[in-house]
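User: Please take a close look at one part of this model, the packing of one helix against its partners, and describe it in a connected way.

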Amino acid sequence: MPSPDAAARHTGAGVARRQAHHERMRDERAREAAAGDAELPPEDDAVEMASAAQLLDSVAEVGPNYTLLRSKETKAKRRKRQREDARAALDGHTVLSTGSRLEIFCDSERWYPATVMAREEDGDGRIAHQVEYDGYPDRRWWHMLDDERWRAVAEQAGTGAGGAAADGDGDAAMDRADGERGARAAGDAEAAEVRPAPPPVRRGVRRSALADALEAEDDERQEEAACGDGRPMLAPHGPALSVQLRRVRLRLREFLATQAAAGKSVPMQRTALGLHPTVRWTIRFGKWLATTRITAPRASRWHATERGDARDEEPTVRTGRGENTVYVALQHMKNHVWREIWPAMPDDARQYWRLVTKQVMSLYDGGGGGMKDAAGAAGRAAGREAAQESASHGQSEAAQRAASERASAVASRRTMAELREATTKPCTKQHLFQVGEYQMQDTQLMEPFEVNVAFIMNAYLCFARQTGHELPPLTMGDLSIAADELLRGLGGAGVMTEGDFEALIRMEVTFARKKGEYYACYEFGTAITPDSDQMMRIGTLAMVRLLLRCGSFRACYSKLSEASAAALRRKVAEPSGFAGLELADTGYETLPALVAACRADGWVLDKAALDRPLFPGVDEATGLFLFTESFDVQRLCRRLIETGRQLGMSRHKVGAWSLRKDACEQPASAGDGAVAARVLGHRQVNSRTMNRVYRADLRTRDLGAYWMRRDALGSVERAPLTSLSASRVPEVGGVRGFGDLPQACPERQAARSDAKVAEAVEEVASARRKLQRRLGVALLPKYFKASARAAGGGEEVDEYEAAQLRLRHRKGEAESDAVEAHQLRLYKEGQERLRAAPALRMAMLSTHAWAPRSEDDAIAFGLDRRDRTRELRMLRKLPAKLQGSILRVGALHVLPTAGTPAEVYGRVRRRSEDICILECGSEDCAGRPSIEWPTTVARFEERRCVHCGGAVRLRWQREPQAENAAVEPLAVGAAASLGESFRETYWAWYNLSARAAIGNAAYAAGAAATAKASASEAGDAPLLGAAVDELELDDETVAEAIAALDGGDGAPGCGDEADEDASDHRGASQEV
Ligand SMILES: [Zn+2]
């Protein structure tokens, strides 16, 4: 087992390749320097004009070499397939994914390249693959691959981190190479002699006069261009790249269409090989890409200038595409699209693309050269025009000059503003800092509903915090956990945490990363080490906790008989999902005993777990772990944004990048760029640090030391008051939908009186009138559509249906706009409040004070929780008041797992009758007998006191008071059925996330409808949520509230005193 300090393992020819790459780059730079700065070449005679309309016809949406999967597989279908595959794989059968490339050995003693197009489960449970051979596009064959001789072929170039093809017979198929290498690999293979057919005929290209003319004229030359190098012209692209390239082609067609509509023509460069667009025209297309956009981004509205913002600019709405989008499009044009459409593009077009890239990307330099040039050109043109205009009026030369200068200045200012608006970054992700990260982590540790997702999110938060990494496709086997003896052998590697407990676990995770463009395969070992003073927050433990939840340790099965171990393994591996390891299944008495056993076993993983994804997928509907897939990266990113939003942060400023920024920024701001670049795994820190990183000896870098502040690192704890946490407005997180908008709020009114909706309503009414006329009735009968169609009114029915659809869409739009506007207004009001009340800001910055505990206890924390994803869905089906009340007392155990709204209400009623009575809220009726639970939802909602007509309140029977007097007691039975960890964290969760779970409306209704526990019991617990509710609270009260809640001093340490030795902070219960 490698120790956490284990060397990065170099495999293959990585180092030599890197040196060769640097050599090439050096040569290229030298050549460039010799050639002088890149200038646009002079226009010359070889330029011919072609009409944009005709060119448009010759640009197909899809290249013949693209692999576009016919219909995008739905998630449900994908899951079904993956489950079938998992079953087949468990039985030892071969399974290949659709679109994977392979070669099959056929009777004529040759390897035939082919693509998997589909597959099906055969009668015997094995998987039959449908295969299309290259060059035989119209025919498909079914193969049982287990019975064939076949081998996998590397996936096509540039598709990024898609899974590489499976390995048929031990060939290295993991080579995810890019363009050049891919082509070479394909050429190297014996495939050269195999390639059966010339590139297939273009499908779907509309012939045009121009294209025909070009072909007739340049026949010989074009042909020469097509087969000049003796290599196939168009390498087939994988599905991911094909989709991207198609997008570029669509934009190109859009641009050509606008040019054609304006009757413009396209300058084409004539070369020895034929025609291709000139550099200038390609630049124009690039600039068009950069300055146009279809839908305006909403983020800009959320951009509030804050003191200390680096760019103190007015928020603007970006009207163009983003910088990265355009850069990627340029890369695709350079590497593929242009060559595909215009074979006459020279082989070495580097100068061409250098010019294009430079000119287009210069628009993004924030008022840099490109923008100024463009503005200058526009200004000069306007100036010339103004001078001519002035001259035509017979004005003096001085007057002409003045007019020209004036016009020129105006035009260039305007152009500058337009360009800035087109290319501005509307809103950027901000740092979370330690406070924000801890708050995000706390919500995951406390999550009572979506527990399995929370396990993954918590592990990922820690993982990203230390590695700065996006979610790479990792398997559990990529993680190795150091055994205690090893660490002890290293001389006391343990780290002391709060409460004088020792954190021992360290681990190393091994990535195969693609660094820059020149590491095809380079394995890194990255150490994950203890990174917090509080045991509960340590990253290594989060990873171990996830592994344990997934039943991945060998020791989980060691207490069981062979048969029951096999049964448990089957239960874990069940392709339809695994709910999480339960203590009862393992034969251990307690969770800490199970953890101790895994530790004693040296944290060895179960053999069956090695190939499972490190961050497994989770079924959204059931909350079960799916080891057949990895947790979706997009879902992970969305979830991070969502978590931040639920806490009340601006959703446009929080996300995965916030974590990565932190991971990189902290070492970087301490002046250690090498570590920063290393953390980020990117070369974008800057080239100097990159050089240092690659020369640095990675083995000696222990990031855990940074995180534990054992190395000097001044800025770790600094969380400026403009940070995401300090600007939290929890009410914003509670706006889940239109229902959460108060009746009287202006946004609701605006949505109700929306002009577009009114227009659509009018359209529906007029369509209805037409139908009435057609049927000759004043009131439409029940089956009016059918009768109208029968009466020849098909068109009217269509019109009516279209109008109704339009109305629905417009209503939806108006409502979602209103929700967004309401959120934004709450957020802005909240910012004002935060500015005015520093204590409130401190409250937003406070994190949960976890009880100190040992490493084993911290790992075991939360494993007693069952996933309640389904219960959350059922909760949301209940009447708002009941939702809020159930959360108000933590009575999650009354929720069923399935049912229609009526059934859910019925079940909740039956389970609650014993522990909750309904009573009248008014004082006059005190002492009257309780009200019976109504039998239906509708009656529950309208139920009033029969004596005074007052609102009905719910009085829950509560558990005996816990020792912490600051929190309310839970409903009877909650802790017993939901676990000790639930009792410990429920109220903290309620304060942080309950609004977001059910929405402000239900939250408030529930709080109002729930009777206090009793005067002698909890009394008025001054909770944070309540403190936020009371906007008039003065600073003192809020500070007191925090102090009462956490038992701390209410004044989180921040700023300069915060960077002293870690030990100084131990014991301070306010962990900030
Ligand atoms: Zn009453």
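Analyst: In this predicted model, the axes of helix α7 (residues 239-261) and helix α9 (residues 323-341) come within 10 Å and cross at roughly 85°. Since angles of 65 to 115 degrees count as roughly perpendicular, α7 and α9 are therefore roughly perpendicular to each other. On the α7 side the contact is made by L241, Q244, L245, V248, R249 and L252, while α9 contributes V328, A329, H332, M333, H336, V337, W338, E340 and I341. By character, the residues of this contact between α7 and α9 divide into ten nonpolar, three polar and two charged.

Helix α9 also packs against helix α10 (residues 350-361), at an angle of about 165° and with the two axes 11 Å apart. Angles over 145 degrees count as roughly antiparallel, and α9 and α10 are therefore roughly antiparallel to each other; their crossing is right-handed. The residues of α9 that make this contact are E323, V326, Y327, L330, M333, K334 and W338, and those of α10 are Y352, W353, V356, T357, V360 and M361. The residues of the contact of α9 with α10 divide into ten nonpolar, one polar and two charged.

Read together, the two lists place M333 and W338 of α9 in the contact with α7 and also in the contact with α10.

Conventions
Residues are numbered from 1 along each chain as its sequence is written. This is a predicted model: local features need pLDDT of at least 70, side-chain atom pairs count only at pLDDT 80 or more; totals for chains, interfaces and linings use all residues. Side-chain values use heavy atoms; hydrogens and water are left out. Axes are lines fitted to C-alpha atoms, for helices over the stretch in contact, and angles run from 0 to 180 degrees between N-to-C directions. Helices (H or I, at least four residues) and strands (E, at least two) are DSSP runs, numbered from the N terminus. Angles under 35 degrees count as roughly parallel, over 145 as roughly antiparallel, 65 to 115 as roughly perpendicular and the rest as oblique. Contact means heavy atoms within 4.5 Å. Ala, Val, Leu, Ile, Met, Phe, Trp, Tyr, Cys and Pro count as nonpolar, Asp, Glu, Lys and Arg as charged, and the others, Gly among them, as polar. A crossing is left-handed if the near helix is turned anticlockwise from the far one by less than a right angle, and right-handed if clockwise.
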